[in-house]
Amino acid sequence: MDKNLHIYNTLSRKKEVFEPINPPLVGMYVCGPTVYSDVHLGNCRTFISFDLIYRYLLHLGYKVRYVRNITDAGHLEGDRDEGDDKFAKKAKLEQLEPMEIVQKYTLGFHDVMNIFNTLSPSIEPTATGHISEQIEMVKEIIANGYAYEKNDTVYFDVEKYNIDFPYGQLTNRKLDDLLEGTRELDGQDEKKGRLDFALWIKAKPETLMQWPSPWGWGFPGWHIECSAMSSKYLGETFDIHGGGMDLQATHHTNEIAQSQACNNTSPVKYWLHTNMLTVNGVRMSKSAGNGFLPEELFTGNHPLLERGYSPMVVRFFMSQSHYRSTLDFSNEALQGAEKGFQKLIKAGETLQTLKAKSESSVNIEELKANCYKAMNDDFNSPILIAHLFEAVRIINLINDGKESINNTDLDNLKSLFNTFVFDVLGLKTDDTNESNDSGLTGDLIDMILNLRLDAKKNKDFATSDKIRDELTSKGVVIKDTKDGFEWEI
RNA sequence: GGUCGCGUGGCCGAGUGGUUAGGCGCCGGUCUGCAAAACCGUGCACGGCGGUUCGAAUCCGUUCGCGACCUCCA
């Protein structure tokens, strides 16, 4: 089954057969969040996408070491390796220690990941926990001649590196083209080249987070942590590196350069990039101010939202698009996803009640093969879901007595459904039956509806309709069943 | 300006040189006192213009529109 997995590699810009370096082991590194503010939905999409990938690799039987870092230092506000650290800035703003900021948003991030039912990574290393590894790496890069020190700050020499290695390979760009898009250095700049970036940055006296180094007190550049931590936990060359597409051009390009310059080997076999979440066609981002917080989506407390949607509906919604496509957010799309999700879950419940016959009129083997085919084609969850809805149709038809299924097929169907809906897509039944009060309301509604049932039995439809209308207008949805009723608020 | 990507039916979103994507919506049917819900079924597409081909929405060219990256962001 596993030799069929194809994944799209950003490095080659095509789909390749997935062959781990040391099967069945798989090393996967994903760039995690910078924990200086709440994660928004766009961030979540990336982590949910990689959760799907992680889950499928596990399902195929690979032993995956999944490393996802927490950036808690070194990430600067500006674009020129100067200015304030994001954490320090936030800390000053909220009058807290930088590590209090880190702690707060790390916990928040974990909460959100749990709510979305993502599996925890095997290792979740932090930048501040790996300062010495980063310093060692910078020393090595200097020793290899690809970095230089200037006034206690260390820069990576991009143009020198490019003589020996293709710096812009990940985005398929030539150095000259890259230089063209860069602004001129002004006279003050310490950098030799316009594309050079900081590996280690000299601290100012007031810098809140700083560490001693061979170049004096300072802090690491943003990119070096990922190079240091990925090679520490996954080795100098590992299988999969992932992250959002926005990281491709700068962060990942620099990461490759650092690792190559330090270890003299290409660090990653397969680069995977997830696409952006958009709102009205425009990328959702912190700086654009069009970000949705998960909480806002769940509660519906947002100007653009008509109402809230449950976490699993959101996860399902995201799974309905491919991870490399942009996904556009709208009320209508969300509502559609909600209906679809409920239909899928309901069919799963119906499936448990089906009775086997001696003959099968349905083809479960083919369905199963189709599901694997979809996932093996670069984790194509939208196609997988299309096939799962074929399963839904089959389940409902059997339930209606229009198709039949034998024991073996029924077991297969159950296992198929379980595997893909819950294990691979990572969906779960929503816990919607949270009791909002002591149950009194429910008892009262039951009582009223029992009175309505009596009216119906007496063919007093005027009364029964009146009760229904009034309850409906108060938000109680009534569904008559054969010999009673169901309701929900 | 440079690099790259996208444009699919009312909405979201897959995919392929000729055969149904799928979900939601709409419409029809079953069920129901009537509804709702549920289930079944049908129709509604491939930005414009050229070209290649027996045949293209799918390949090529061109044009229009949109977006991303090149600057912090998953």
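## An antiparallel sheet

In this predicted model, four strands of chain A make up an open sheet in the order 5-6-7-8, and the pairing is antiparallel; strands, and helices likewise, are DSSP runs numbered from the N terminus (E over at least two residues for a strand, H or I over at least four for a helix), and two strands pair if DSSP finds at least two bridges between them. Strand 5 (147–150) and strand 8 (218–220) stand at the edges with a single partner strand each, so one side of each is left without a neighbour in the sheet. From one strand to the next the twist averages 20°, where axes are lines fitted to C-alpha atoms, for helices over the stretch in contact, and angles run from 0 to 180 degrees between N-to-C directions.

Strand 5 and strand 6 (residues 153–156) run antiparallel and are joined by 4 bridges, and Glu149 has Val154 of strand 6 as its bridge partner. The loop between strand 5 and strand 6 holds Asn151, a residue other than glycine whose phi is positive, near 50°.

## A parallel sheet and its helix

A further open sheet of 4 strands has the order 4-3-9-10, with parallel pairing. Its edge strands are strand 4 (63–68) and strand 10 (268–274), each of which pairs on one side only. Neighbouring strands of this sheet are turned by 20° against each other on average, direction ignored. Helix 7 (residues 224–234) packs on the sheet and touches strand 3, strand 4 and strand 9, while its direction makes about 165° with that of strand 3; contact here means heavy atoms within 4.5 Å.

Strand 3 and strand 4 run parallel, joined by 6 bridges, and the bridge partner of Tyr29 in strand 4 is Val67. Strand 9 (residues 238–244) also pairs with strand 10 in the parallel sense, over 6 bridges, with Phe238 standing opposite Val268 in strand 10. Of the 6 residues of strand 3, 5 are buried, so this strand is largely enclosed by the rest of the structure; buried means under 20% relative accessible area, exposed over 50%, and partly exposed in between, with a 1.4 Å probe and protein chains only.

## Helix 8 and backbone exceptions

Helix 8 (residues 248–263) is mostly covered, with 14 of its 16 residues buried, and Asn264, which follows helix 8, has a positive phi near 55°. Most residues other than glycine have a negative phi, and most peptide bonds are trans. Against that background, Gln95 has a positive phi of about 55° although it is not a glycine. Gln95 lies in the loop between helix 2 (86–94) and helix 3 (98–115), and Gln95 counts as exposed because its relative accessibility is 73%.

A cis peptide bond, with omega about 5°, joins Pro23 and Pro24. Pro24 is placed in the loop between strand 2 (14–17) and strand 3 (25–30).

## The chain as a whole

Chain A has 16 helices and 15 strands, and its C-alpha atoms fill a box of roughly 95 × 55 × 35 Å along the principal axes. Of its 489 residues, 50% are buried. The exposed surface of chain A comes to about 23300 Å², of which carbon and sulfur atoms supply 48%, with areas taken from the Shrake-Rupley method with a 1.4 Å probe and, for residues, only the protein chains shown counted as cover. Among contacts between residues at least 6 apart in sequence, 73% join residues at least 24 apart.

The mean positions of the 53 positive and 72 negative charges of chain A are 4 Å apart; Lys and Arg count as positive and Asp and Glu as negative, while His and the chain ends are not counted, and each charge is placed at NZ of Lys, CZ of Arg, CG of Asp or CD of Glu. Leu195, found in the loop between helix 6 (175–180) and strand 7 (197–202), is buried with a relative accessible area of 17%. Leu195 and Gly439 are 244 residues apart in sequence and 65 Å apart in space, C-alpha to C-alpha.

## Conventions

Residues are numbered from 1 along each chain as its sequence is written, and chains are lettered from A and ligands numbered from 1 in the order in which they are written. In this predicted model local features need pLDDT of at least 70 and side-chain atom pairs count only at pLDDT 80 or more, whereas totals for chains, interfaces and linings use all residues, and side-chain values use heavy atoms, with hydrogens and water left out.
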